[in-house]
Amino acid sequence: MKASQKILSLVAGMFALGGTALHAEPVHPDEVVYEDWLVTESLSGEPGDAERGYEVYTSRSQGNCIACHSITALLEDVQWHGTVGPSLDGVGARWEEADLRGIVANAKNLYPDTIMPAFYKSSGFIRPGQRFTMQPAEEPLEPILSAQQIEDVVAYLLTLTEYPE
Amino acid sequence: MRGFAKGAGIVLAGVMALGLGAPLAAQPIEDTLIVNEELEMTTRIPAPEYMAEIFDEVISGWHFRTGETRDMQRDDFDNPGMLFAEQGRDAWNTVEGDAGHSCASCHEGPESLAGYWTQNPRIGGDSNGELWAAEQYINNCRETRMEAEPWGWDSNQMKNMTALIASQSRGMPMNITTDGEYAEHWELGKEIYYTRYGQMQLACANCHEENNGQMIRADHLSQGHINGFPTYRLRTAGLVSRHNRFRGCIRDTRGVPYGIGSPEFVALELYLASRGNGLSVEGPAVRN
């Protein structure tokens, strides 16, 4: 049983016992409600953590957002920012939380031709594999990022309200 | 008006970023490739007619690499790929199989295949109307003429041999046929080129057509031509075949690649090679 399924079972169990769930159930990637490209509710039911979001942003094994986007203030800490996507300087000032959540989850709702992968999407792929193993995967897949990782990276992006001088 | 306002914000941010020292796309480097101080390579040309809407100019991946990497390709003593081509020359002259032949028994020196690589893959006499890559012609010779065991597509022996054969055409322009009996293969290759594979939904075109010149982390995206294959790759310190590179790219989309040697990859090879028509054959090139 995968970790996320364990959590789901645990949560379901709590409901079955009639207790109050301490943690809300994450929205399944196939059931995310997009209003145009906006997603207004937390995908995990929890608030995001910007510090963890920084890790999601910079870590190659998580979001690896830095592969394509640059943030001037981050250049001191981490070298080699990508240029495929737009700079995210000031991104938290020009977008609202619901925009950022929707764009990270599936940017193609706003930009149909974008190269940006959908980070919270489970099905509708061509020749999907199990991560980088080249072995075929059955849909629905685990999304690239978990619901909480999406919330965390959105929280981090919302801290980027300054444009560099 | 929400979308409009947001869009304007992005444009504004982009304009601001330009003046603020943020990382910028690195352009292909201005340079000239002359190998062994005598063989001048064509590494930039106006795009062929069927590419005119895509690129103004077709540019070899050599221009997207660092000075150190570019320098390695200027001299055969500095190009590790040529060591493997020399091993291919040894194999060329080695008798193998029940028929008692080597490559040299029929072809004499490898220079007899000068020009072959400019039209690889191709439909030829041995292929019975199929589109075959060089690896298939080599194995056909081994099995039917030499009566020897075929080599694995991605084996070192095969890569050494393709490096030797490619090197005989260095400096000659890629000259892939795209019409007539090639048209259906070319169309299949094109379809694959524009298909978004895997969980990351990435097509060849997303990186190498729309974003060449941009950086993915420290990696400078090229136009993705294959005139330099088999390529000596610094990352793996060995030769890499065209199909191995295709497989790696689709793997990196979190997708399931077609098989090495599959008709789909041979078709993709034809289509990709044609996108670089007019560029010099560089194989074995040096890349990172």
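What share of the contacts in chain A with a separation of 6 or more comes from residues 24 or more positions apart? The share is 54%. The legends below belong to a predicted model.

**View 1. The fold of chain A is built from helices.** Chain A contains 5 helices and 0 strands. Read from the N terminus, the order of its elements is α-α-α-α-α. Among contacts in chain A with a separation of 6 or more, 54% link residues that lie 24 or more positions apart in the sequence.

**View 2. Inside and outside of chain A.** The chain has 165 residues, and 45% of them are buried. The area that chain A exposes is about 8900 Å². Carbon and sulfur atoms supply 54% of that exposed area.

**View 3. Chain A meets chain B.** On one side of the contact are 45 residues from chain A, and on the other are 39 residues from chain B. Together the two chains bury about 3800 Å² between them, with 61% of this area on carbon and sulfur atoms. On the side of chain A, the residues that lose the most area to chain B are A:Thr83, A:Arg127 and A:Met134. These three together account for 20% of what that side buries.

**View 4. Polar and charged groups at the interface of chain A and chain B.** Between the two chains, 13 residue pairs are in polar contact, counting pairs with both residues at pLDDT 80 or more. The number of salt bridges found across this interface is 0. Sorted by class, the side of chain A that touches chain B consists of 24 nonpolar, 11 polar and 10 charged residues.

Methods: Residues are numbered from 1 along each chain as its sequence is written. Chains are lettered from A and ligands numbered from 1 in the order in which they are written. This is a predicted model: local features need pLDDT of at least 70, side-chain atom pairs count only at pLDDT 80 or more; totals for chains, interfaces and linings use all residues. Side-chain values use heavy atoms; hydrogens and water are left out. Contact means heavy atoms within 4.5 Å. Buried area is the accessible area (1.4 Å probe) that two parts lose on being put together, summed over both. A salt bridge is a side-chain nitrogen of Lys or Arg within 4 Å of a carboxyl oxygen of Asp or Glu. A polar contact is a pair of N or O atoms within 3.5 Å; within protein, one must be able to donate a hydrogen and the other to accept it, and residues adjacent in sequence count only if both atoms are side-chain atoms. Ala, Val, Leu, Ile, Met, Phe, Trp, Tyr, Cys and Pro count as nonpolar, Asp, Glu, Lys and Arg as charged, and the others, Gly among them, as polar. Helices (H or I, at least four residues) and strands (E, at least two) are DSSP runs, numbered from the N terminus. Buried means under 20% relative accessible area, exposed over 50%, partly exposed in between (1.4 Å probe, protein chains only). Accessible areas come from the Shrake-Rupley method with a 1.4 Å probe; for residues, only the protein chains shown count as cover.
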